[in-house]
Amino acid sequence: MRKLFFLFSIIYSANISAQNNSPFNVHYFKPVPNISIRALSALSESKAWFAANRGVWGYTEDAGKTWYTDSIKVDSIYPQFRSIAVLNDSTVLLLSIASPAYLFKTANKGKTWRLVYKNLNKDVFFDSMIFSDLKQGIAIGDPIEECIQIIKTNDGGETWKQINCANIPKVEQGEACFATSNTNIDVYEKNIWIATGGKRSRVFHSTDLGNHFETYDSPIPQGEKMTGIFSLDFYNESIGVIGGGNYD
């Protein structure tokens, strides 16, 4: 699969020797104490970015031996970041969760950040953000009035437009999305998959970059607030996996 998952205290790398059945070799790093890291992305075995609560973000370019960290403050608020998209060595986007929701972009490795999107709706809560290439990106948020909030960009995150709710199937009562470190959404070419959970758990699938969606029921346990699909990952347009259960 194309996604790289990390176990964080921060845990950055784990090397497995399948030949001699040796155990995991796990390295622990703590670049900033007392923060909650929920947004992670890797460019290579040695380069990775993270974003967290309290507006904190950072990166390593030497497999965690050293970290550069900083924070963002806007409108007297330190945003709580749950989503990250790393387009290349210098271009990164960070998305915060609740109202007011902020989406920042840097093109110079964090020397400066620009606010490219802001949402003041009192009910907004963004869960995930992902890019299919350097231009096409999508971010999703919990439903508002039975409609999953979906915004997308086709210019590398410079501008964002919300997808019309008429093009998105309505969610059912108690159905929403989990903010699971950017893993409840995936893209492949023009395909987009979105996972829901709660009272009902489904996969929303688009074959035209979000202009239209179909829904598919899942066998994952559901029916309670913290049940359903937590993560999904697709290898191509037809082969993928979903995972979840009961968080409680």
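The following paragraphs lead through a predicted model, taking in its cysteines, its cavities and a few individual residues.

The cysteines come first. The structure holds one disulfide, which joins Cys-147 to Cys-165 with an S to S distance of 2.1 Å. The link between Cys-147 and Cys-165 is left-handed, with -95° about the S-S bond. The pair connects distant parts of the chain: Cys-147 belongs to strand S13 (residues 147-153), whereas Cys-165 sits in the loop between strand S14 (161-162) and strand S15 (175-176), and the two cysteines are 18 residues apart. The partners also have their own surroundings to consider. Cys-147 is buried, at 4% relative accessibility, while Cys-165 is partly exposed, with a relative accessible area of 33%.

Why does Cys-177 form no bond with the closest cysteine sulfur? The closest cysteine sulfur to that of Cys-177 is in Cys-147, and because the two sulfurs are 11 Å apart, they are too far from each other for a bond. A disulfide would require the sulfur atoms to lie within 2.5 Å. Cys-177 is buried, with a relative accessible area of 6%.

From strand S15, the account turns to Glu-175, which lies in that strand. Is this charged residue buried or exposed? Glu-175 counts as buried, at 4% relative accessibility. The side chain of Glu-175 makes a polar contact of 2.8 Å with the side chain of Arg-202. Leaving aside neighbours within four places in sequence, Glu-175 is in contact with Pro-143, Thr-196, Gly-197, Lys-199, Arg-200, Arg-202 and Phe-204. Arg-202 thus appears among the contacts of Glu-175 and as its side-chain partner in the polar contact.

The next subject is internal space. Two cavities of 30 Å³ or more are present in the structure. The largest has a volume of about 70 Å³. Its lining consists of Ile-130, Phe-131, Ser-132, Gln-136, Gly-137, Ile-138, Lys-152, Thr-153, Val-187, Ile-192 and Leu-209. At least two lining residues of the largest cavity come from each of strand S11 (126-131), strand S12 (137-144) and S13. Strand S13 therefore contributes to this lining and also holds Cys-147 of the disulfide. Sorted by class, the lining of the largest cavity has six nonpolar, four polar and one charged residues.

Leu-209, one of the residues lining the largest cavity, is placed in the loop between strand S19 (202-206) and strand S20 (214-217). Leu-209 is buried, with a relative accessible area of 19%; this value falls under the 20% limit for a buried residue. Not counting residues up to four places away in sequence, Leu-209 touches Gln-136, Lys-152, Glu-189, Lys-190 and Ile-192. Among these contacts, Gln-136, Lys-152 and Ile-192 also line the largest cavity. Leu-209 and Ile-150 are 59 residues apart along the chain, and their C-alpha atoms are separated by 11 Å.

The second largest cavity encloses about 50 Å³ of space. Leu-43, Lys-47, Ala-48, Trp-49, Tyr-59, Thr-60, Glu-61, Asp-89 and Lys-109 form its lining. Strand S4 (48-52) and strand S5 (56-60) are the elements that give two or more residues to this lining. By class, the residues around the second largest cavity divide into four nonpolar, one polar and four charged.

Three residues of this second lining, Tyr-59, Thr-60 and Glu-61, are also in contact with Thr-66, when neighbours of Thr-66 within four places in sequence are left aside. Thr-66 lies in the loop between S5 and strand S6 (68-71). Thr-66 counts as partly exposed, at 49% relative accessibility. A polar contact of 2.6 Å joins the side chain of Thr-66 to that of Asp-62. Thr-66 and Phe-29 are 37 residues apart in sequence, with 9.2 Å between their C-alpha atoms.

The last residue to consider is Ser-96, found in strand S8 (residues 92-96). Ser-96 is buried, with a relative accessible area of 2%. Which backbone atom does the side chain of Ser-96 reach? The partner is the backbone nitrogen of Tyr-102, at 2.8 Å. Beyond residues up to four places away in sequence, Ser-96 touches Pro-79, Gln-80, Phe-81, Ala-101, Tyr-102 and Phe-126. Tyr-102 is therefore one of the residues that Ser-96 touches, as well as the one whose backbone nitrogen its side chain reaches.

Conventions: Residues numbered from 1 in each chain as written. Predicted model: local features only at pLDDT ≥ 70, side-chain atom pairs only at ≥ 80, totals over all residues. Heavy atoms only, no water. Helix = DSSP H or I, 4+ residues; strand = E, 2+ residues; numbered from the N terminus. Buried < 20%, exposed > 50% of the residue type's maximum accessible area, 1.4 Å probe, protein only. 1 Å grid on protein atoms, 1.4 Å probe; cavity = no way out; pocket = protein on both sides within 12 Å on 5 of 7 lines; lining within 4 Å. Points joined across faces, edges and corners; volume = space filled by probe spheres on them. Nonpolar A, V, L, I, M, F, W, Y, C, P; charged D, E, K, R; others polar. Polar contact = N/O pair within 3.5 Å; in protein donor to acceptor, adjacent residues only side chain to side chain. Contact = heavy atoms within 4.5 Å.
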